[in-house]
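Please look at the model below slowly, turning it as you read. The paragraphs after it are meant to be followed with the structure in view.

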Amino acid sequence: KQSRRPLAEGVVAADGEVQLARSADLDDPVIALRAAAAAAQQGLRLAPATLQRLSLAPTNLPLPWPRDAREEFVSLLGAGPAALPIWEDLDQSGLWSSWIPGWERLRALPQHSPVHRFTVDRHLVEAAVQAAALTRRVHRPDLLLVGALLHDVGKGLPGDHTEHGVALVQQLAVDLGFGPADVSVLVDLCRLHLLLPETATRRDLDDPATVTSAVARLREFSVVSGAIDAHELLDLLTALTEADARATGPAAWTEWRAGLIRDLSDRMAAQLRGEQPEAMAGPSQEEQELLDRGVGPGGIEVVVQQRGPVWRVVVVAHDRTGLMADVAGVLSLHRLAVRAATLHSSADQALQVWTVQPVFGEPPEASRLREDLLRVQAGTLDLHGRLAAREESYSTSVAQTAPPVVDVVQGASDRATVVEVRSHDRPALLHTIGWVLAERGANIRAARVATMGSEAVDSFYLTDAQGQPLGPVSTQQTVEAITLALVSR
């Protein structure tokens, strides 16, 4: 005689599976959700016969969902990896689509970005699975789990997927039985789910305007008198960002990107507490000593230091037009992928701090980088030719990619003009942009570089010869020059 262990009302475990009890009421609209949640929480599969009986049951969930249905749904999502096989069973049986209107459109929908390892539907479920491991970081784990599941539901429709998602989540959250305040939070999570990753990877976090702008956007949409306040919304967004990135793929959640997002979140939390944003960060004490010591005319000093998963390359040289382009080119020549760059100057001395990761292996010794920079400066190393030859060797089959886009980011900084370049990544991309800026006479105060798979999003903080933001005419000409240089290659 088989042993049947009760798990929930109308649900038992038997023979290593979850089955319906003999007394189960198939007219109960919550029975399928209850069985699915019990199976996931126990780490068991739904018995095939049980799944078939549930899928054929005529009862639909009432709208809005009753509280017990919503709680079972959250319990299912909160089971973490054990929820995946249950979701697959529910999806194949048609139950999942009956619960989430519009899911059919997302099923097996391909992603446009190659950095994604899953289709849209699988990505959303994976995001909820990843969020289940982060629920202890937030005050409302139910909103985190459901927000992770719904954050990309606007994909597959023409136009901006976030705008579509906001409208869809507004109705879906109501259908799931959430109250008005909670609905607002879920809408905010969809609306703002790209705020932290885009800000952290594309903006200079040492510019006070960066954090101030992000906090202002958070406050604009935070629910200050409902379910949560701005601090709690930030906690939810931080956890959602990590869950989303982990569900995307390894390129979306590197140690470097994780550090940037944590840094931004910490700075935003400090400002929400009333602390003033830090002033523009100058060189560290060690870097300032290098800058003060300086180098003689034509001299260059290079220091290479490991900083966790990344490396820091510090270059001190006489300030000159094209220095940034030369350094970027030499780093590219040695197959060092640039993650960020900050530039300082004092009198005729320039200090450049580059954060890099080797494409493979270990970075070269500082002496090799210094030697190549000196050869470029002396004209004995044809950097342009070497980089062009390498690029040509990689271009035997040219992928059809979207044209580059160069934009001015309004309001991103009070102290510089911020130009953002979105392009297909390729060797010496920064070198090319650097040379254009040098020819235009634009000084690069800082740069933020983000590479996702084969796509690059690079932001440059530019000033004129007097250290002021570029004028309107100069800005437009700079944008056009960068665009032309990238399109023509």
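What follows is a walk through some side chains and helices of this chain.

This is a predicted model, in which local features need pLDDT of at least 70 and side-chain atom pairs count only at pLDDT 80 or more, whereas totals for chains, interfaces and linings use all residues. Residues are numbered from 1 along each chain as its sequence is written, and side-chain values use heavy atoms, with hydrogens and water left out.

We begin with the aromatic rings. A pair of aromatic rings is described by the distance of the centres and the angle of the planes. Rings of Phe, Tyr and Trp (for Trp, the six-membered ring) pair if their centres lie within 6.5 Å, and the pair is called stacked if the planes are under 30 degrees apart, edge-to-face if they are over 60, and tilted for the rest. By this rule there are 4 aromatic pairs. In one of them, the ring centres of Phe73 and Trp96 are 5.7 Å apart and the planes stand at 40 degrees, so this pair counts as tilted. The pair links distant parts of the chain, since Phe73 belongs to helix α3 (residues 67-77) and Trp96 to helix α5 (residues 95-99), with their positions 23 residues apart in the numbering. Here helices (H or I, at least four residues) and strands (E, at least two) are DSSP runs, numbered from the N terminus.

Are these two residues buried or exposed? Buried means under 20% relative accessible area, exposed means over 50%, and partly exposed lies in between (1.4 Å probe, protein chains only). Phe73 has a relative accessible area of 1% and is therefore buried, and Trp96, at 1% relative accessibility, counts as buried too. Trp96 also pairs with Trp103, and this aromatic pair is edge-to-face, with 5.9 Å from centre to centre and 70 degrees between the planes. Ring pairs join Trp65, Phe73, Trp96, Trp99 and Trp103 into a cluster.

Helix α3, which holds Phe73, also meets another helix. The axes of α3 and helix α8 (residues 141-150) come within 10 Å and cross at roughly 75 degrees; such axes are lines fitted to C-alpha atoms, for helices over the stretch in contact, and the angles run from 0 to 180 degrees between N-to-C directions. The two helices are therefore roughly perpendicular to each other, given that angles under 35 degrees count as roughly parallel, over 145 as roughly antiparallel, 65 to 115 as roughly perpendicular and the rest as oblique. Phe73, Val74 and Leu77 in α3 meet Asp142, Leu145, Val146 and Leu149 in α8, where contact means heavy atoms within 4.5 Å.

Our next stop is a loop. Asp28 lies in the loop between β3 (17-20) and α1 (31-42), and at 19% relative accessibility Asp28 counts as buried. A polar contact (a pair of N or O atoms within 3.5 Å; within protein, one must be able to donate a hydrogen and the other to accept it, and residues adjacent in sequence count only if both atoms are side-chain atoms) of 3.0 Å joins the side chains of Asp28 and Arg34. A polar atom of the Asp28 side chain also lies 3.0 Å from the backbone nitrogen of Val30.

Finally, turn to Leu46, which is found in strand β4 (residues 45-46) and is buried, with a relative accessible area of 4%. Leaving aside neighbours within four places in sequence, the residues in contact with Leu46 include Val18, Ala35 and Leu90.
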